[in-house]
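Colleague: I am new to this model and would like to learn how to read it one feature at a time. Could you give me the general idea first and then the case at hand?

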Amino acid sequence: MRRNSRARLSLSLLLVAGALGLGATPATAAEVHTAAAAPSVIPSASAYALDAAVERTLGADTAGTYLDRKTGELVVTVTTDRAEEQARATGATVRRVARSAAQLDSAIETLEAEAKITGTSWGIDPRTNQVAVEADSSVSARDMARLEAVAERLGGAVSISRVPGVFHREVLGGGAIYGGGSRCSAAFNVTKGGARYFVTAGHCTNISANWAASSGGSVIGVREGTSFPTNDYGIVRYTDGSSPAGTVDLYNGSTQDIASAANAVVGQAIRKSGSTTKVTSGTVTAVNVTVNYGDGPVYGMVRTTACSAGGDSGGAHFAGSVALGIHSGSSGCSGTAGSAIHQPVVEALQAYGVSVY
């Protein structure tokens, strides 16, 4: 299955990240509410390494991994004796489930072919061994019935919930980084061959080639790559001679150093830093998420419960010193509950051959 923060500028601009809030809780089982509401944990470095090792070793032979909310241990879901043996050999805790990765991927393919409705998103929740679908308030009763009919034919492999608001890419005029008359947030400062860059959302870098630290201000960086839709990441090279630190603004007078990058694990705690909603927290609830925006789908995203708002686009999702994602979009936030989507940062780093520092 494809699973595939913010830093200070010399001008004192804090390039910080944003998460999107989709106020959603899967609606099909009490177990899902319990999993979403339970305290989340931050994986240790060894847990991230184990998760990567499991993915390399088992590939499609696992139906996904998640963190046990009580023990903090990585749980690997499998459907066969062979996969269970391989998973145990890595040192992970193993859980047998009914649906294989192939069955969950097949359910996603069916949704893609028969229910690709603007205002919907879906992704894999290994805790429930289902594809968790969210439909925003723009989805009509007719389209909702169509979505439910497709899900019913998939025999329990899909859960559906409504979320408030409307999925949208979170960009506003005026704010943290400016280009083409819009404001976004930067995610992480990165480096390659001694040159400094920052990564942000691709729907932001699609807007403009030149980016400034203030509205109407001088250019601090120039776009060198952009990818949206399908993905949602872009990269800007600093051209103002600055050497910004590799930290994320915590909006309390302090910053968080970023030392590494990893793929998020379902059940883990995350923080989001963005220029509009500042720092918010949440839990990872699904991976391999598809979001059907009005101007095109994005794939391989991660859903969380962090809140965000317009202007947070491109901001940072992180856990401790680990960079996890680039904020993509939102349908809004209900109180303190969101359903933020991020683009996995590891994929963006690999695409551009850069690294956090």
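**Reading the model feature by feature**

Modeller: Let us begin with a single residue: at 35% relative accessibility, K278 counts as partly exposed, where buried means under 20% relative accessible area, exposed means over 50%, and partly exposed lies in between, using a 1.4 Å probe and protein chains only. The model is a predicted one, in which local features need pLDDT of at least 70 and side-chain atom pairs count only at pLDDT 80 or more, while totals for chains, interfaces and linings use all residues. Residues are numbered from 1 along each chain as its sequence is written, and side-chain values use heavy atoms, with hydrogens and water left out.

Colleague: Where is the place of K278, and what is its phi?

Modeller: In general, most residues other than glycine have a negative phi, and most peptide bonds are trans. K278 has a positive phi of about 65° although it is not a glycine, and its place is in strand β21; helices (H or I, at least four residues) and strands (E, at least two) are DSSP runs, numbered from the N terminus. Y251, in the loop between β17 and β18, likewise takes a positive phi, near 55°, without being a glycine, and Y251 is partly exposed, with a relative accessible area of 30%.

Colleague: How many helices and strands does the chain have, and what share of its residues count as buried?

Modeller: The chain has 7 helices and 26 strands, and 58% of its 357 residues count as buried.

Colleague: Which residues of helix α3 are buried, and which exposed residues lie on the face turned away from them?

Modeller: The general idea is that an α-helix has 3.6 residues a turn, so residues three or four places apart point the same way. In α3, which spans residues 81-90, the buried residues are A83, E84 and A87. These three lie on the same side of α3 because they cover an arc of only 100° around the axis, the arc being that of the directions from the helix axis to the C-beta atoms. The face turned away from this buried side carries the exposed residues D81, R82, E85 and A89. The buried residues of α3 pack against α2, β4 and β5, with contact meaning heavy atoms within 4.5 Å, and just after α3, G91 takes a positive phi of about 95°.

Colleague: How many of the residues of strand β7 are buried, and which strands are joined to β7 by bridges?

Modeller: Two strands pair if DSSP finds at least two bridges between them. In β7, which covers residues 130-135, 6 of the 6 residues are buried, so β7 is largely enclosed by the rest of the structure. Q130, A132 and E134 point one way from the strand and V131, V133 and A135 the other way. β7 is joined to β6 by 6 bridges, running antiparallel, with T120 opposite A135, and to β8 by 5 bridges, running parallel, with V133 opposite I160. The hairpin of β6 and β7 has 4 residues between the strands, and N129 takes a positive phi near 60° there.

Colleague: What can one read from strand β15 and the strands that pair with it?

Modeller: β14 pairs with β15 in the antiparallel sense over 3 bridges, and W211 stands opposite G221 in β15. The hairpin they form has 6 residues between the strands, with G216 in the turn at a positive phi of about 80°. On to β16: 6 bridges join it to β15, again antiparallel, and S227 has Y233 as its bridge partner. The hairpin of β15 and β16 has 5 residues between the strands, and T230 takes a positive phi near 75°.

Colleague: What kind of peptide bond joins F228 and P229?

Modeller: F228 and P229 are joined by a cis peptide bond, with omega about -5°, and P229 lies in the loop between β15 and β16.

Colleague: How many aromatic pairs are there, and how are the rings of F228 and Y293 placed?

Modeller: Rings of Phe, Tyr and Trp (its six-membered ring) pair if their centres lie within 6.5 Å, with planes under 30 degrees apart counted as stacked, over 60 as edge-to-face and the rest as tilted. By this rule there are 3 aromatic pairs. The rings of F228 and Y293 have centres 6.2 Å apart and planes at 45°, so this pair is tilted. The pair links distant parts of the chain, with F228 in the loop between β15 and β16 and Y293 in strand β21, 65 residues apart, and both residues are buried.
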